[in-house]
Amino acid sequence: MNLVKRLFSSSNQQLSGLPPTVLEQLAVAPFAVQKFKDAGRGLVAARDIQYGEVLLTEQPYVCCPSLSNRRKVCYHCLKVLPTPQQQAAGAAEMPISSRSHMFCSSSCLSSAQASYFTLESQLSLEQLERHCQAYGERFPLIAARLALMIAQDGMTAAAQQQQQQQQGSDSQADPEAGVGRSSTDVGRISRISRMSTGSNGSSRWSHTLATSSMRSSNNLGTTSWQSSSSSNRRQGRPGSYSTKAALGPAGDDGSVHQQVASALGFLCFANVPPPPPGPWAEAHKMLARALAAAAGNREQEEEAAGLQAALQGLDLDWYVAVMARLHLNTFKVEAALPIDWSQGHAAAAAMLGGDAASAGSALYLLGSLFNHSCEPNVHVTFPGNDSTAVFTAARQIAEGEQLFITYIDAGQELDARQEYLAFAYGFRCHCVRCCEELEEQAKHMPPQLP
């Protein structure tokens, strides 16, 4: 089914605010977007789907390694790095180390440098990392990576503009000036051009931010703050942050700031009434301080000015808007990490799962549209041992049936599942499994006294 047909098969309201890249994937996917009462947008099967069929393979919009396993995975794509034994045997490509960070290949290092790592290499995020360890947080590191993408783009775009102006002046003074340009100049221009593209080479887009849905899209990891109840998670509630303004207005300037605003704007979010959570404000201050120091150390005046201009938009409101979305839409990337049995406590923690067994966290744009069920019909795996997520049918699915993943450990008992979902996402689950178990539980409840 082509894009036009798919657009007709879903209402404009259901598709409003979706980034073009998501619409393009929907055009060829075996599912479509549909609005559900009290659940926001979700995905339904556009045809009969067979057990084991791969419904979606998606690379993250942004990802970040866990602090506990940073040296074991690629800093850019979260691919598990080969062990020293595998490296010695020549069984895998040798990882590349840059500023104490590990990359699985020169390609990942180049992509990281083109997006955020060039600037990150010139500042220190150690204070923010210690903050995340103290609070058991992981989302501030993803927010920091998004901020670095925006800040680096502002810096390099200003340098590119200055270079173009200089070339224009030289051409007017001497029409033959460009002919003898050195290879160094050409390389710099090419490098700046690459650096001004979006993360993972994606194209840029802009759109009007959509109204949030009532429920989270997905989040497979724990949170360290109390979510607001579902009745308080509507956009525009009096006294709440203006997330639309915080992420940035729609525009067509092609900046990474607009790209991030467009990509995150359609995601549902938790309304966080002022003042923001103390750890959030503290983490933002640390990030802003590190970026401001980098701006002050720029040798090129135009780069410093471009970086300062970008930082003006990365204020606390922007940070809160981003964090409110990351908390409800971020996946924990599970990977088969090598276990160091000499480290008893760490080895035991890795065997039990949790953050110790996580390669990191990742945000998927189309994957964020899957709703939750404690008895999911879609499984999420990472078969490449990296951040590429594969969504596979867990059973046969009929056309028109809603597609569900699970946000939690579905093996838990009913009360534990309900308690965690209420805490982390602000809703009580009413999936078929929960309803059946609630009915069974009610049968064994002692009779109420008159």
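**Exercise 1. Determine whether Glu129 is buried or exposed, and describe its surroundings.**

Solution. Step 1: Glu129 has a relative accessibility of 16% and therefore counts as buried, where buried means under 20% relative accessible area, exposed over 50%, and partly exposed in between (1.4 Å probe, protein chains only). The model is predicted: local features need pLDDT of at least 70, side-chain atom pairs count only at pLDDT 80 or more, and totals for chains, interfaces and linings use all residues. Residues are numbered from 1 along each chain as its sequence is written, and side-chain values use heavy atoms, with hydrogens and water left out.

Step 2: Glu129 belongs to helix α6, residues 126–135. Helices (H or I, at least four residues) and strands (E, at least two) are DSSP runs, numbered from the N terminus.

Step 3: The side chain of Glu129 forms a polar contact of 2.8 Å with that of Arg70. Such a contact is a pair of N or O atoms within 3.5 Å; within protein, one must be able to donate a hydrogen and the other to accept it, and residues adjacent in sequence count only if both atoms are side-chain atoms.

Step 4: Neighbours within four places in sequence aside, Glu129 is in contact (heavy atoms within 4.5 Å) with Leu67, Arg70 and Leu141.

**Exercise 2. Characterise the geometry of helix α5, residues 106–120.**

Solution. Step 1: The expected span is 1.5 Å times one less than the number of residues; for 15 residues in a straight helix this is 21 Å.

Step 2: The end C-alpha atoms of α5 are only 17 Å apart.

Step 3: At Ala114, α5 bends by about 75°, the bend being the angle between axes fitted to the seven residues ending there and the seven starting there.

Step 4: Ala114 is also one of the buried residues of α5, a list including Cys108, Leu109 and Phe117.

**Exercise 3. Explain why Cys63 forms no disulfide, and examine Cys434 likewise.**

Solution. Step 1: A disulfide is taken as a pair of cysteine sulfur atoms within 2.5 Å, and this rule gives a count of zero.

Step 2: The closest cysteine sulfur to that of Cys63 belongs to Cys77 and lies 7.2 Å away, so it is too far for a bond.

Step 3: Cys434 is in no disulfide either, and the nearest cysteine sulfur, in Cys374, is 3.6 Å away.

Step 4: Cys63 is buried at a relative accessible area of 6%, and Cys434 is buried at 0%.

**Exercise 4. Identify the residues that touch the most other members of the largest nonpolar core.**

Solution. Step 1: A nonpolar core is a set of buried Ala, Val, Leu, Ile, Met, Phe, Trp, Tyr and Cys residues joined through side-chain atoms within 4.5 Å.

Step 2: The largest core has 112 residues, of which Leu26, Leu291 and Leu403 touch the most other members. Helix α7 (residues 139–173) supplies the largest share of this core, 12 residues.

Step 3: Residues up to four places away in sequence not counted, Leu403 touches several residues, among them Phe31, Leu43, Val44, Asn371 and Asn377.

Step 4: Gln402, in strand β12 (residues 402–405), touches Leu43, Val44, Asn371 and Asn377 among others, with the same exclusion of residues up to four places away. Its side chain makes a polar contact of 3.0 Å with that of Asn371, and Gln402 counts as buried at 13% relative accessibility.
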